[in-house]
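User: I am new to this structure and would be grateful for a guided introduction. Please explain each term when it is needed.

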Amino acid sequence: MHQVKVRTFTPGLNPRRTKLESPGWAGERQPRKDGSMEQAWHCLPFSEGARYGIELFYPYSNPLAVGTRGGRVILTGDFGPRPENYGGEWPPFRPFGDLYYTYQVSLDLKVDEGFAIRTEPHPRFYTDPTHTTPIALPALIRRWWPMTYFLVFKAPPEGDVHIFRPGEPFAQILVVPEEADFELVPMSEEEAAERELQSQRIYASRETLSADSQWTSATNTVFDESAPEENRPGLAPPGDVRAPRLAFFR
């Protein structure tokens, strides 16, 4: 197993493997059964994608609101006096041009040789009905950098606001190969036929694969799921022991 070694100068940043929060940003704790409303965590690709990285938490005791007025980024928050022995910029947020702003995170994540870290929005950005979740810009930070000094965020459009709240996750970091060493090539006819046959077999077997787990949501969407022999830790919220391996919607 690979290791990511952590060094941080900001108490409360609390980097950890991303966890689904239900109830919370991953949806309500509604079971997979007839009549339930679809929740984000019901979707296996989203759940596994959301849990793929490292989440960071807003470490300060007062919230920060970020808005745009008259084409300028406005930061509204009370950070108090500069902490003793703090060597960085204070406050740690500042506008960056007219469309962006930065946060001086001062976080060191040391990954194994051949890997890098990539920043991105926290997955709760995709489930937030209020559109107030901060939007971290993607950045690839290679292993030889000894510190991630700052993160860049996209400012909200005029009249909207992004809010950093104490204890809420605000960004996610992925550990990825340092080089995207691949090329796109046409699939051979033999490979295409094999893939098509695999798809048809899965579809034709869905009644067997989901014999014990099929359910119809409140919006009349039929979910066909196949439970694996061993559940994946952390995928399902407490109380829901099934973690679907395959999910079909129709």
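Analyst: Two strands pair if DSSP finds at least two bridges between them. Strands (E, at least two residues) and helices (H or I, at least four residues) are DSSP runs, numbered from the N terminus. This is a predicted model, in which local features need pLDDT of at least 70 and side-chain atom pairs count only at pLDDT 80 or more, while totals for chains, interfaces and linings use all residues. Residues are numbered from 1 along each chain as its sequence is written, and side-chain values use heavy atoms, with hydrogens and water left out.

User: Which residue in β13 stands opposite Leu64?

Analyst: Strand β4 covers residues 64-69, and its pairing with β13 is antiparallel, over four bridges. Within β13, the residue opposite Leu64 is Phe164.

User: What is the strand order of the open sheet of three strands?

Analyst: Its edge strands, each pairing on one side only, are β5 (72-77) and β13 (161-164). From one strand to the next the twist averages 20° (axes are lines fitted to C-alpha atoms, and angles run from 0 to 180 degrees between N-to-C directions). The pairing is antiparallel, and the order is β5-β4-β13.

User: How many strands are there in the protein chain?

Analyst: The protein chain contains both kinds of element. Its helices number three, and its strands number 17.

User: What percentage of the residues in the protein chain is buried?

Analyst: A residue is buried under 20% relative accessible area, exposed over 50% and partly exposed in between (1.4 Å probe, protein chains only). The protein chain has 250 residues, and the buried share is 38%.

User: Among contacts with a separation of 6 or more, what share comes from residues 24 or more positions apart?

Analyst: A contact means heavy atoms within 4.5 Å. Of the contacts in the protein chain with a separation of 6 or more, the share from residues 24 or more positions apart is 67%.

User: Which residue meets Arg7 in a salt bridge?

Analyst: A salt bridge is a side-chain nitrogen of Lys or Arg within 4 Å of a carboxyl oxygen of Asp or Glu, and the structure holds nine of them. In this one the N to O distance is 3.0 Å, and the partner of Arg7 is Asp108. Arg7 lies in strand β1 (residues 5-8) and its partner in strand β8 (residues 107-110), so the pair ties together parts that are 101 residues apart in sequence. Arg7 is partly exposed at 38% relative accessible area, whereas the buried partner, at 12%, is Asp108.

User: Is Arg124, the salt-bridge partner of Glu168, buried or exposed?

Analyst: The side chains of Glu168 and Arg124 meet at 3.2 Å, N to O. Glu168 is in the loop between β13 and β14 (169-177) and Arg124 in the loop between β9 (115-120) and β10 (135-136), so the salt bridge ties together parts 44 residues apart in sequence. Glu168 is partly exposed, with a relative accessible area of 24%. For Arg124 that value is 9%, and the residue is buried.

User: Which other residue forms a salt bridge with Glu168, with the closest N and O atoms 3.5 Å apart?

Analyst: The residue in question has a relative accessible area of 30% and is partly exposed. The partner of Glu168 at 3.5 Å is Arg165.

User: Which residues on the two sides of strand β3 are buried?

Analyst: Strand β3 spans residues 54-57, and both of its faces are covered. Glu55 is also linked with Arg16 and Glu21 in a network of salt bridges. The buried residues are Ile54 and Leu56 on one side, and Glu55 and Phe57 on the other.

User: In β14, which residue is the bridge partner of Ile54?

Analyst: Strand β2 (residues 16-17) is joined to β3 by two bridges in the antiparallel sense, with Arg17 opposite Ile54. Four bridges join β3 to β14, again running antiparallel. The bridge partner of Ile54 in β14 is Ile173.

User: Which residue in β7 stands opposite Arg94?

Analyst: An open sheet of four strands, with antiparallel pairing, has the order β6-β7-β12-β10. Its edge strands are β6 (93-96) and β10. Strand β7 (residues 100-103) is joined to β6 by four bridges, and the residue opposite Arg94 is Thr102.
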